[in-house]
Amino acid sequence: MSDLYLSHIRNWFWKSPPAEWLMRGARELLIGTLRQGPIPKHVAFEMDGNRRFAKNHKIETIEGHHLGFEALARVLEICYKCGVKVVTVYAFSIENFNRPRGEVKGLMAMAKVKLEQLVQHGELLDRYGACIRVLGERDLIPEDVLPFVDRAVEMTKHNKDAVLNICFPYTSRAEMTTAIKATIDEFTSPSQPSKAPFSQTRITQKIRSNYSKQTEGLDSIKETTSDASPGSDVDDSMSSATALDPESPPLQSIAARPRRLPNPENITADTLNSHTYTAECPPLDIFIRTSNVTRLSDFMLWQCHQNTHIFFLKCFWPEFDLWHFVPVLLEWQWRQKKLLEKESPRK
């Protein structure tokens, strides 16, 4: 009973106006200090632990997800204030469709509400010029949710300074499969032939004109062309055998060159990357997963490269705030400094 009483006292103190004012000032000072060092351009969050947080605090599972959304709003403001340009969050996995039907239905209903809130109260995104992109298997999104997704994307597409990637529904294997299929389509489709600047009739007339200047048998050419059957200019020129150089290639081969398929030897990692959902985003700098789970769980597998720093934190996602993000950013800045020192030539 005493612990519960002390907990209420602490909550009351930190929510009091003086405490909130001090905390707000400390946060602004800390963020301003962090901005003096290098800032990651792309940060990904695997928002894990909503259900366990709800279970530990004896509240409904859907309420845990609501608190997780509030944590997302805090994290977005922290990242954009620090100067992060792209934030990618794992909102819903394709595998989550295997969860209890009631929970999936509740998550979809919550997605509609939260997307609508982002649109109606989008001052956070507008303040930092952030647009929303929904990445994933669009065909799996329920029909009643699609209008809210499209509206959120449409209402923020004018923002160009930052990006919020919402992976919903998503898995890395599905993303890589889509990228491979798109690459196969690209390299099995013949390239379009370049269009000739002149018509076939004009090309034929030019060839005949050039040849006639180099020969003296104009009369023989006229006799040959007069014997040809009357018709269109194209047919006449194509049927005249003496109007062209016998050693020149046929006009049909000039007009209709065979299409060539792209060389599959030119397929590289960059080729596949150009077909991923995050093709337009900078490389992933930081990957964060909460709830003390040390695996990627089919999220951003392609985007994690040799310079991506992965952090597994013990806190649940609804608990994540600036004080959890600061140590991560400081460690990343320290690693960047060491990397630059290692790459710089020794004097």
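**Note on the predicted model: sheet, core and buried polar residues**

1. Surface first. The chain exposes an accessible surface of about 21,800 Å², and carbon and sulfur atoms hold 55% of that area. The model is predicted. Of the 347 residues in the chain, 37% are buried.

2. Overall make-up. The chain has 14 helices and six strands. Among contacts with a separation of 6 or more, 80% link residues 24 or more positions apart.

3. The sheet. Six strands form an open sheet in the order E3-E4-E2-E1-E5-E6, and the pairing is parallel. Strand E3 (130–135) and strand E6 (309–312) are the edge strands, and each pairs on one side only. On average, neighbouring strands of this sheet are turned by 15 degrees against each other, direction ignored.

4. Helix H14 against the sheet. Helix H14 (residues 322–343) packs on the sheet and touches E1, E5 and E6. The direction of H14 makes about 150 degrees with that of E6.

5. Pairing around E2. Strand E2 (residues 86–90) is mostly covered, with five of its five residues buried. Val 86, Thr 88 and Tyr 90 point one way, while Val 87 and Val 89 point the other way. Four bridges pair E2 with E1 in the parallel sense. Within that pairing, Ala 44 stands opposite Thr 88. Five bridges join E2 to strand E4 (residues 162–167), again in parallel. There, Val 89 stands opposite Ile 166.

6. Pairing around E5. Strand E5 (residues 286–289) pairs with E1 in the parallel sense over four bridges. Glu 46 stands opposite Arg 289 in E5. E5 is also joined to E6 by four bridges, and these two strands run parallel. Phe 311 in E6 is the bridge partner of Ile 288. Ile 286 and Ile 288 point one way from E5, Phe 287 and Arg 289 the other way, and all are buried. Note that Arg 289 is on this buried list.

7. The largest nonpolar core. This core has 53 residues, and Phe 45 and Ile 288 touch the most other members. Helix H4 (residues 61–82) supplies the largest share, nine residues. A second, separate core of ten residues includes Cys 167, Tyr 170, Leu 284 and Phe 287.

8. What does Ile 288 contact, leaving aside its neighbours within four places in sequence? Val 43, Ala 44, Phe 45 and Glu 46 are on the list. So are Phe 311, Leu 313, Phe 320, Phe 325 and Val 328. Ile 288 and Phe 311 are also bridge partners.

9. Val 75 in helix H4. Val 75 lies in helix H4. Val 75 counts as buried because its relative accessibility is 1%. Leaving aside neighbours within four places in sequence, Val 75 is in contact with Phe 45, Trp 317 and Phe 320. Val 75 and Phe 45 are 30 residues apart along the chain, and their C-alpha atoms are separated by 9.5 Å.

10. Asp 48, buried or exposed? Asp 48 lies in the loop between strand E1 (42–46) and helix H3 (50–56). Its relative accessibility is 17%, so Asp 48 counts as buried, the cut-off being under 20%. The side chain of Asp 48 makes a polar contact with the side chain of Ser 291 at 2.7 Å. Not counting residues up to four places away in sequence, Asp 48 touches Arg 289, Thr 290, Ser 291, Val 293, Phe 316 and Trp 317.

11. Asn 50 in helix H3. Asn 50 is found in helix H3. With a relative accessible area of 11%, Asn 50 is buried. Its side chain makes a polar contact with the side chain of His 65 at 3.4 Å. Not counting residues up to four places away in sequence, Asn 50 touches Gly 64, His 65, Gly 68, Trp 317 and Pro 318.

12. A recurring residue. Trp 317 appears among the contacts of Asp 48, of Asn 50 and of Val 75. When viewing the model, Trp 317 links points 9, 10 and 11 of this note.

Terms used: Residues are numbered from 1 along each chain as its sequence is written. This is a predicted model: local features need pLDDT of at least 70, side-chain atom pairs count only at pLDDT 80 or more; totals for chains, interfaces and linings use all residues. Side-chain values use heavy atoms; hydrogens and water are left out. Buried means under 20% relative accessible area, exposed over 50%, partly exposed in between (1.4 Å probe, protein chains only). Contact means heavy atoms within 4.5 Å. Accessible areas come from the Shrake-Rupley method with a 1.4 Å probe; for residues, only the protein chains shown count as cover. A polar contact is a pair of N or O atoms within 3.5 Å; within protein, one must be able to donate a hydrogen and the other to accept it, and residues adjacent in sequence count only if both atoms are side-chain atoms. Two strands pair if DSSP finds at least two bridges between them. Axes are lines fitted to C-alpha atoms, for helices over the stretch in contact, and angles run from 0 to 180 degrees between N-to-C directions. A nonpolar core is a set of buried Ala, Val, Leu, Ile, Met, Phe, Trp, Tyr and Cys residues joined through side-chain atoms within 4.5 Å.
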